[in-house]
Amino acid sequence: MSNPEQGQQLPSPPPSPPPHAPKGPAPSSRRKLIAAALIVLLAGGGWYWYSHRDPASGAKTAGGKAGGASGPGAQGGRGGPGGPGGPGAARAPVVVATVARRNMDVILNGLGNVTPVANVTVRVQVSGPLLKVLFKEGQMIKAGDVLAEIDPRPFQAALDQAVGQLARDQALLQNARLDQKRYRTLLQQDSISSQQVDTQDALVRQYEGVVKTDQGNVDNARLQLGYTKIVAPVSGRIGLRQVDPGNIVNTSDTNGIALITQIQPIAVLYTIPEDNLPAVLKKLNAGEKLSVQAWDRQVRNQLGEGTLLTTDNQIDTTTGTVKLKAVFPNADGMLFPNQFVNVRTRVDTMEDATVIPVAAIQRGQQGTFVYVVDDASKVKVQVVTLGPGDGNRNAVLKGLEPGQRVVVDGADRLKEGMTVEAVDPAARAAALVPASQPRGRGRRREGGGWGGASGAQGEQGASGAGAPGEHRRNRNAEASGAQAAPASSADGQASRRQQ
């Protein structure tokens, strides 16, 4: 090593750090502080979202405990008992019916129209001025009742003339017969020739013909005079008047005076499929009377009950149906001509059949099935084979036993193995709010509920209104109860920051 030259200044060594100088933050400590700040921010954001979330999106703990049966709190807390997935999860409400064993009527349903047994248009049989109308529109009349009257004077004059002519010709006939008697006496005495006797005999026969003609004219004139009084040909209900008194009526008038419809008894014409015709013919050929019921358009009210009269003599090839005619007494007049009716014909009765309501029957890819509810309130899909029905009930030939329970309402939400709860149909109908009924409206409450009877929470009841202090207390209760987990997380972060 070379020695420094004389007079050359040597470089000074670097200064040593003071013993207590502060050191800069280590990189690992900075990262810890940033992570702690992020955790605190996330915890605060979660607490803020949970305290201000929509009450319809989840259940509450503190507010749910005080809420009524109509509030969200009745379903339990989120993830707790009564909530989704909990041990007390809500069951699907359904209406069930018990499979019964009873006698089942085999009913054939058809569509028909009421047809009167007699439908008569009353027309005049002689022409003349109409003097009187002796009926009221819509009146029930009997056969032979006088309905109207035409001026009888011209017909009375014609009758008198015919009677006079008859009397004249009868006198001539009587005189000719006396002459005939004299001529025969003279012929026996050989006083006259036989030719005169034969001529007198011919004259007598001629007068006898004239008298018969006159008698016919008298009868015709009397008949025409009788036509001036218009009488009802059948019993029934008369319709609206077509002509007023004072008008000249003629035999060529198409509308006539009125229309009479016989409604007691009355008939119903209806159709059934041709496949059901053999069962009907079997009963008719055996002399049995089949009971027939007529119902209104909505199949709610029974209008009458009668018997099957006959069937048509051919099948309609375009529709594959056959017409049947039934007769009803119609004592109360509920069946009206040309009225549309639903007809039920009972053709047979099944003894001790297994019967279920029609509402329980479901149809799908597996065919016809029902939902059966077991003793554990779980549903099972059961495929069944159906028999005849009467519109309200249906016989089951295979798949069910009497005493089982089947779902008749609420089956649209069911699946195999679901747990259900049987409810009363009346209670269920009362619980449903019609779509036309307005919902309860009110101010959203800070405690998690909506003002109004439908969304009341806690102790506010149906009014949904409370003091601001009560709102703050509800909010604090939620913050202390339902938000326990986020608060604990925030406290832990705060303690780490202090350390």
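Which residues in the largest nonpolar core touch the most other members? Let's take a walk through this model, which is predicted, and start right there.

## The largest nonpolar core

The answer is a trio: Leu147, Ile257 and Ile260 touch the most other members of the core, which has 30 residues. Several elements chip in with two or more residues each: the strands β4 (128–133), β6 (146–150) and β10 (258–261), plus the helices α3 (153–188) and α4 (194–226). Of these, α3 gives the most, with six residues.

As a bit of background, nonpolar side chains tend to be buried together in soluble globular proteins.

## A look at Ile257, and a second core

Ile257 is one of that trio, so who does it meet? Setting aside neighbours within four places in sequence, Ile257 is in contact with Val122, Val124, Phe135, Ala148, Ile230, Leu240, Arg241, Gln242 and Val243.

There's another core too, lying apart from the largest one. This other core has 23 residues, and Ile272, Leu324, Phe328 and Leu335 are among them.

## One open sheet: β3, β10, β8 and β5

Now for the strands. Four of them form an open sheet, in the order β3-β10-β8-β5, with antiparallel pairing. At the edges sit β3 (119–122) and β5 (140–141), and each of these pairs on one side only.

Let's zoom in on the β5 edge. Two bridges join β5 to β8 (residues 236–238), and these two strands run antiparallel. Met140 has Arg237 in β8 as its bridge partner.

## Another open sheet: β7, β6, β4 and β9

Here again four strands make an open sheet, this time in the order β7-β6-β4-β9, and the pairing is antiparallel. The edge strands are β7 (229–231) and β9 (248–249), each pairing on one side only.

Inside this sheet, β4 and β6 run antiparallel and are joined by three bridges. Across from Lys132 you'll find Glu149, in β6. Both β4 and β6 also turned up earlier, as elements that give two or more residues to the largest core.

## Asn394 in β20

Last stop: strand β20, which covers residues 393–398 and is home to Asn394. Is Asn394 buried or exposed? Asn394 counts as buried because its relative accessible area is 13%, and buried means under 20%.

What does Asn394 touch, not counting residues up to four places away in sequence? The list runs to Met104, Thr354, Val355, Ile356, Val358, Ile361, Leu386, Gly387, Pro388 and Gly389.

Definitions and conventions. Residues numbered from 1 in each chain as written. Predicted model: local features only at pLDDT ≥ 70, side-chain atom pairs only at ≥ 80, totals over all residues. Heavy atoms only, no water. Core = buried A, V, L, I, M, F, W, Y, C linked by side-chain atoms within 4.5 Å. Buried < 20%, exposed > 50% of the residue type's maximum accessible area, 1.4 Å probe, protein only. Contact = heavy atoms within 4.5 Å. Pairing = 2+ DSSP bridges.
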